[in-house]
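Could you have a look at this one when you get a minute? My notes are underneath.

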Amino acid sequence: MKKIIAILAVLVCLLFIVSCKDKGIEYTAVEGGYIVSGYSGDREEIKIPSKHEGESVIGIGEKAFYGIEGIREVSLPESITYIGAEAFYGCFDLESINLPKSVERVETGAFDGCSFINFDRVGGCNYIDGWLISLYDKDQTTIDVRDGTIGIY
């Protein structure tokens, strides 16, 4: 009887540990590691891990978070090298996201419709961590790209 109770206690503990993990992040294996390909959770703050199943998480895939409401903050690891097209399109509640120095490419529409992101606004341009993401003055005909700009999306 004591063995059965001990086994049940272990199973309950394991179930608790597994249920605490954010299972909402979906991954797809690609050359060089994994990309985040979707999300079905309900957290306001999402921290993307640098590893999945022992391999590096190297990107945020096309439309991975497309139109998901309620996400307020996303933290990306240094292993991320690209953000796919429309990855965060229409995430109206998104207020904060970091773009690590490892990011080499931000594809079309990655942050379109993210009206609440706290952009760094300089000279008519919206910046996130050194990336020129968009213009906030759509009537501009010329812009001055600030020194230290990593890339233009």
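Here are my points, starting with how far to trust the model.

1. This is a predicted model, so to speak of local features I need pLDDT of at least 70, and side-chain atom pairs count only at pLDDT 80 or more, while totals for chains, interfaces and linings use all residues. Residues are numbered from 1 along each chain as its sequence is written, and side-chain values use heavy atoms, with hydrogens and water left out.

2. On confidence (pLDDT, the predictor's score for each residue, from 0 to 100), the chain averages 84, and 85% of the residues score at least 70. Helix 1 (residues 2–20) is lowest, at a mean of 48, and strand 5 is highest, at 98. Over residues 11–21 the pLDDT is below 50, and this stretch has two contacts beyond near neighbours in sequence. Contact here means heavy atoms within 4.5 Å. Helices (H or I, at least four residues) and strands (E, at least two) are DSSP runs, numbered from the N terminus.

3. The largest nonpolar core (buried Ala, Val, Leu, Ile, Met, Phe, Trp, Tyr and Cys joined through side-chain atoms within 4.5 Å) has 31 residues, and Ile48, Ile60, Phe65, Ile83, Phe88 and Phe111 touch the most other members. Strand 2 (33–39), strand 5 (55–60) and strand 12 (131–135) each give two or more residues to this core.

4. Take Ile83: beyond four places in sequence, its contacts include Ile60, Phe88 and Phe111.

5. Is Gly84 buried or exposed? Gly84 counts as buried because its relative accessibility is 1%, the cut-offs being under 20% for buried, over 50% for exposed and partly exposed in between (1.4 Å probe, protein chains only). Gly84 sits in the loop between strand 7 (82–83) and strand 8 (96–97). Leaving aside neighbours within four places, Gly84 contacts Ile60, Gly61, Glu62, Glu107 and Ala110.
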